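User: Please take a close look at one part of this model, the covalent cross-links, and follow them outwards into the elements around them. I would like one connected account, with the cut-offs stated.

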Amino acid sequence: MKLDNATIASCLRSAATALAVLFLIAWTEQVVSHPVHRSPPLKDPKTHQAVREMSQHAQRKELEEDTSIRLMPRPNADQNHMEICCLHANILNFYLNNILHKYSDEHPSMHQLKTDLHRVSEDLQDQGCNLTHYHNHRHTVEFRRKLEKMEGVRGINKAVGEIDILFTYLHDYCEAPKPLANATNDADNN
């Protein structure tokens with residue numbers, strides 16, 4: 001059986017396409033299964049301090065009955081870190097678009113904090129977090145539902161009061177894990 005050049009070329013194109021799809025699937029699984037490298041503001045102690053101050057400032061404005069309510073959902077331990085990271089990146093995006101601009105005049109460091117949080121959001125999106133994928137996740141929906149139930153300024157104060165929880169989750173879950181040897185060495189050095 002004699003094969004002509006067109007048949008061979010067609011077979012090679014099909015094989016190359018199949019191989020490219022397999023590589024893409026393997027790369028996507030690797031990206032989805034591993035947390036991303038931390039955004040610089042997530043490492044910055046000044047950003048941590050600004051988040052803490054902003055949260056405490058808003059908590060001082062909360063009504064007594066609001067102190068027992070929690071808007072921010074707790075992460076599900078069964079989810080991998082990347083899913084938890086991207087879920088909270090979605091909630092961060094909600095904060096940036098719907099909450100923080102309503103609190104802008106309330107605290108002197110708000111402008112810098114919003115700049116830092118925008119950077120975190122952009123970095124996480126650049127590193128693979130698809131925010132729209134988590135828009136209808138039950139934790140995101142639950143957060144928005146509780147916020148709407150609190151209404152207006154009361155809900156905004158509560159959400160800003162919990163920004164430290166959100167930032168902690170982003171810090172803890174949006175980081176590539178350290179190799180075991182480095183973690184052991186770090187523990188020995190402390």
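Analyst:
**Cross-links and their surroundings**

C86 and C129 form a disulfide, with their sulfur atoms 2.1 Å apart, where a disulfide is taken as a pair of cysteine sulfur atoms within 2.5 Å. This is a predicted model, in which local features need pLDDT of at least 70 and side-chain atom pairs count only at pLDDT 80 or more, whereas totals for chains, interfaces and linings use all residues. Residues are numbered from 1 along each chain as its sequence is written, and side-chain values use heavy atoms, with hydrogens and water left out.

The link of C86 and C129 is left-handed, with -85° about the S-S bond. C86 lies in helix α4 and C129 in the loop between α5 and α6 (138-150), so the pair ties together parts that are 43 residues apart in sequence; helices here are DSSP runs (H or I, at least four residues), as strands are (E, at least two), numbered from the N terminus. Both C86 and C129 are buried, a word that stands for under 20% relative accessible area, with exposed meaning over 50% and partly exposed in between (1.4 Å probe, protein chains only).

By the sulfur distance rule the count comes to 2 disulfides, and the other one joins C85 to C174, S to S 2.0 Å. Its torsion about the S-S bond is about 110°, so the disulfide of C85 and C174 is right-handed. C85 lies in helix α4 and C174 in the loop between α8 and α9 (180-189), so the pair ties together parts that are 89 residues apart in sequence. Both C85 and C174 are buried. With bonded cysteines counted along the chain, the disulfides follow the pattern 1-4, 2-3.

Helix α5 comes before the loop that holds C129. This helix, residues 110-126, has 17 residues and reaches 24 Å from its first C-alpha to its last, close to the 24 Å expected at 1.5 Å a residue, the expected span being 1.5 Å times one less than the number of residues. M110, L113, K114, D116, L117, V120, S121, D123 and L124 of α5 are buried, and what covers these buried residues includes α2 (40-43), α3 (45-61), α4 (81-99) and α8 (163-173). Just after α5, G128 takes a positive phi of about 120°.

Helix α4, which carries C86, also takes part in aromatic packing. Rings of Phe, Tyr and Trp (its six-membered ring) pair if their centres lie within 6.5 Å, planes under 30 degrees apart counting as stacked, over 60 as edge-to-face and the rest as tilted; by this rule the count comes to 3 aromatic pairs. The rings of Y95 and F143 have their centres 5.7 Å apart and their planes at 25°, so the pair is stacked. Y95 lies in helix α4 and F143 in helix α6, so the pair ties together parts that are 48 residues apart in sequence. Y95 is buried, as is F143. Another pair, of Y169 and Y173, is edge-to-face, at 6.3 Å centre to centre and 65° between the planes. Both of these tyrosines, Y169 and Y173, lie in helix α8, 4 residues apart, about one turn of the helix, and Y169 is buried, with a relative accessible area of 13%. Ring pairs also link F94, Y95 and F143 into a cluster.

Between α6 and α8 comes helix α7 (residues 152-161), of whose 10 residues 7 are buried, so α7 is largely enclosed by the rest of the structure. The buried residues are G155, I156, N157, K158, A159, V160 and G161, and they pack against α3, α4, α6 and α8. In the loop between α6 and α7 sits E151, which has a positive phi of about 65° although it is not a glycine. E151 is exposed, with a relative accessible area of 58%.

I69, in the loop between α3 and α4, is partly exposed, with a relative accessible area of 29%. Leaving aside neighbours within four places in sequence, I69 is in contact with M150, R154, K158 and E162, contact meaning heavy atoms within 4.5 Å. I69 and M150 are 81 residues apart in sequence and 9.7 Å apart in space, C-alpha to C-alpha.
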